[in-house]
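The following exercises concern one protein chain. Attempt each task before reading its worked solution.

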Amino acid sequence: MKTNRVISILLGASLIGFFAGYYLLRIYDCDASISCYDLTTKAYALYYGMGALSAVHALLLFFPQAFNTWKKFAIWFVPLTTIMFLFQDDKGAGLFLVTARETFLWASAIYVAISTVIIATSWYKTRPQK
């Protein structure tokens with residue numbers, strides 16, 4: 001039961017980050033200043049990154065036995081992508097030659113895909129045998 005509580009807390013935190021990114025992108029009225037430009041870039045990171053985390057945490061609620069296996073992957077992937085997100089700008093001149101939005105979108109999609117494979121594999125190995 002402790003694992004479900006941890007997953008629920010992580011899901012709640014990631015949903016807060018996702019909705020904060022959504023608010024900054026869709027609702028917050030930002031002028032065209034440089035600080036607003038940086039805010040929009042960080043909002044994309046929140047929107048896509050926390051959205052991906054929310055999706056994986058929701059999946060883990062249904063398959064909590066995969067949490068420890070998935071955690072080994074997330075411990076190195078999430079900090080690396082966070083560092084990548086911090087140094088990416090929206091002009092395509094950061095670490096990659098694509099915009100920040102594309103970087104956030106693809107990194108989040110890769111994270112969800114790999115996490116889904118890890119969770120499915122772990123569930124398959126630990127499911128009850130008939």
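What volume does the largest pocket have? The exercises below lead to the solution and then go further.

This is a predicted model, in which local features need pLDDT of at least 70, side-chain atom pairs count only at pLDDT 80 or more, and totals for chains, interfaces and linings use all residues. Residues are numbered from 1 along each chain as its sequence is written, and side-chain values use heavy atoms, with hydrogens and water left out.

**Exercise 1. Describe the largest pocket.**

Step 1. Rolling a probe the size of a water molecule over the atoms shows where empty space is left. On a 1 Å grid over the protein atoms alone, a pocket is an open set of points where a 1.4 Å probe fits, with protein on both sides within 12 Å along at least five of seven lines. Lining residues have an atom within 4 Å of a point.

Step 2. The volume of the largest pocket is about 290 Å³. A volume is the space filled by probe spheres set on the points, and grid points are joined across faces, edges and corners.

Step 3. The lining of this pocket consists of 16 residues, and Ala 45, Gly 49, Thr 81, Thr 82 and Phe 85 lie nearest its centre.

Step 4. At least two lining residues each come from helix 2 (34-62), helix 3 and helix 4. Helix 2 supplies the largest share, seven residues.

Step 5. By class, the lining has eleven nonpolar, four polar and one charged residue. Here Ala, Val, Leu, Ile, Met, Phe, Trp, Tyr, Cys and Pro count as nonpolar, Asp, Glu, Lys and Arg as charged, and the others, Gly among them, as polar.

**Exercise 2. State the elements of the chain and the share of its residues that is buried.**

Step 1. The protein chain has four helices and zero strands. Helices (H or I, at least four residues) and strands (E, at least two) are DSSP runs, numbered from the N terminus.

Step 2. Read from the N terminus, the order of the elements is α-α-α-α.

Step 3. Of the 130 residues, 32% count as buried. Buried means under 20% relative accessible area, exposed over 50%, and partly exposed in between (1.4 Å probe, protein chains only).

Step 4. Contact means heavy atoms within 4.5 Å. Among contacts between residues at least 6 apart in sequence, 67% join residues at least 24 apart.

**Exercise 3. Determine how helix 3 and helix 4 are arranged.**

Step 1. Two packed helices are described by the angle between their axes and the distance between the axes. Axes are lines fitted to C-alpha atoms, for helices over the stretch in contact, and angles run from 0 to 180 degrees between N-to-C directions.

Step 2. Helix 3 (residues 67-86) packs against helix 4 (residues 100-126) at an angle of about 175°, and their axes are 10 Å apart. Helix 3 is therefore roughly antiparallel to helix 4. The cut-off for roughly antiparallel is an angle over 145 degrees.

Step 3. The residues of this contact divide into 14 nonpolar, six polar and no charged. Among them, Trp 70, Phe 73 and Phe 77 belong to helix 3, and Tyr 111, Ile 114 and Ser 115 to helix 4.

**Exercise 4. Compare the surroundings of Val 56, His 57 and Asn 4.**

Step 1. Val 56 lies in helix 2 and is buried, because its relative accessible area is 1%. Leaving out residues up to four places away in sequence, Val 56 touches Trp 70, Tyr 111, Val 112, Ser 115 and Ile 119. The C-alpha atoms of Val 56 and Ser 115 are 6.8 Å apart, with their positions 59 residues apart along the chain.Step 2. His 57 is also placed in helix 2, and its 5% relative accessibility makes it buried. With the same residues left out, His 57 touches Ile 7, Leu 10, Leu 11, Ser 14 and Trp 70. His 57 and Leu 11 are 46 residues apart along the chain, and their C-alpha atoms are separated by 5.3 Å.

Step 3. Asn 4 is in helix 1 (residues 2-27) and is partly exposed, because its relative accessible area is 24%. Not counting residues up to four places away in sequence, Asn 4 touches Leu 61 and Pro 64.

Definitions and conventions. Parallel < 35°, antiparallel > 145°, perpendicular 65-115°, else oblique.
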